[in-house]
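Hi everyone, thanks for coming along. I'd like to walk you through one structure today, so have a look at the screen and then we'll go through it piece by piece.

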Amino acid sequence: MLQCLILELEMVFSWLNLLAKFGFSDITGIDYSPSAIQLSGSIIEKEGLSNIKLKVEDFLNLSTKLSGFHICIDKGTFDAISLNPDNAIEKRKQYVKSLSGALNVKGFFLITSCNWTKEELLDEFSEGFELFEELPTPTFSFGGRSGNSVTALVFQKT
């Protein structure tokens, strides 16, 4: 049985649907907001996706019961934590610690960020994770230079 943890539910319903359709039988979606969990629950019920569990959880203070996942997907949570004006550096370190506790060894972490470059993310997740793959994202050019407005990486827990 493959287990998957989804962070920040309101941002990743396409992931929930896709994983359910690909046969993941144990998908857990978390959000710190009870209203987001309630909204997500009504959508999941409407879609008939019975293999998805929803929990109100703060990823920085994750319950020890949320562990053993094969995949963790983040599309915005790390960005939001990074923008916190109160001790963002320490909160980013706590995020990596929580992620490490949630994932199995050799588990995969998929992150999409609009605030961090590939190089910066490699640095942030250098302890306990290695780059598995960089996913293609749209590029733009300005002033003779090319870049990406979004970074999408897959890490593997070592």
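Let me start with a small puzzle: does lysine 75 count as buried, exposed or partly exposed? Bear in mind that this is a predicted model. Lysine 75 sits in strand β4, and its relative accessibility comes out at 31%. The cut-offs are under 20% for buried and over 50% for exposed, so lysine 75 counts as partly exposed. While we're there, look across to leucine 110: it is 35 residues away from lysine 75 along the chain, yet their C-alpha atoms are separated by 8.2 Å.

Now for some annotation. UniProt, in an unreviewed entry, places the feature "domain: Methyltransferase" at residues 19-133. Over that stretch the chain is 39% helix and 30% strand, and the C-alpha atoms at its two ends are 19 Å apart.

Let's move to the inside. As a general point, nonpolar side chains tend to be buried together in soluble globular proteins. Here, the largest nonpolar core has 23 residues. Which of them touch the most other members? They are Tyr95, Leu99, Phe109, Ile111, Leu121, Phe125 and Phe155. As for where the core comes from, β4 (69-75), α3 (77-82), α4 (88-102), β5 (103-113) and β9 each give two or more residues to it. The biggest giver is α4, with four residues. And apart from this core lies another one, of 13 residues, including Leu19, Ile27, Leu49 and Val154.

I'd like to linger on phenylalanine 155 for a moment. Setting aside neighbours within four places in sequence, phenylalanine 155 is in contact with Gly107, Phe108, Phe109, Ile111, Leu121, Leu122, Phe125, Phe129, Glu130, Leu131 and Phe132.

The next residue along is glutamine 156, in strand β9, which covers residues 151-157. Is glutamine 156 buried or exposed? It has a relative accessible area of 13%, and with the cut-off for buried at under 20%, that makes glutamine 156 buried. So what does this side chain find for a partner? A polar atom of the glutamine 156 side chain lies 2.9 Å from the backbone oxygen of lysine 106. Beyond four places in sequence, the residues that glutamine 156 touches are Lys106, Gly107, Phe108, Gly128, Phe129, Glu130 and Phe132.

Lysine 106 deserves a second look too. It is found in strand β5, and its phi is near 75°, a positive value in a residue other than glycine. Asparagine 87 is another non-glycine residue with a positive phi, of about 60°. You'll find asparagine 87 in the loop between α3 and α4, and at a relative accessible area of 51% it is exposed.

That loop leads us to α4. How does the length of this helix compare with what its 15 residues should span at 1.5 Å a residue? The expected span is 21 Å, and the end C-alpha atoms are 21 Å apart, which agrees. The buried residues of α4 are Ala88, Arg92, Tyr95, Val96, Ser98, Leu99 and Ala102. Because they cover an arc of only 165° around the axis, they lie on the same side of α4. The face turned away from that buried side carries the exposed residues Ile89, Lys93 and Lys97.

For another helix, try α2, residues 34-47. This one has 14 residues and reaches 20 Å from its first C-alpha to its last, close to the 20 Å expected. Its buried residues are Ala36, Ile37, Ser40 and Ile44. Seen down the axis, they fall within an arc of 95°, so they line one face of α2. On the other side, Pro34, Ser35, Gln38, Leu39, Glu45 and Lys46 are exposed. Just after α2 comes glycine 48, with a positive phi of about 70°.

One last stop: aspartate 26, in strand β2, residues 26-31. Aspartate 26 counts as buried, at 8% relative accessibility. Which side chain does the side chain of aspartate 26 make a polar contact with? It is that of lysine 53, at 2.7 Å. Over to you for questions!

Methods. Residues numbered from 1 in each chain as written. Predicted model: local features only at pLDDT ≥ 70, side-chain atom pairs only at ≥ 80, totals over all residues. Heavy atoms only, no water. Buried < 20%, exposed > 50% of the residue type's maximum accessible area, 1.4 Å probe, protein only. Polar contact = N/O pair within 3.5 Å; in protein donor to acceptor, adjacent residues only side chain to side chain. Contact = heavy atoms within 4.5 Å. Core = buried A, V, L, I, M, F, W, Y, C linked by side-chain atoms within 4.5 Å. UniProt positions renumbered as here; feature names shortened; annotations may be inferred. Expected span 1.5 Å × (residues − 1). Arc of directions from axis to C-beta.
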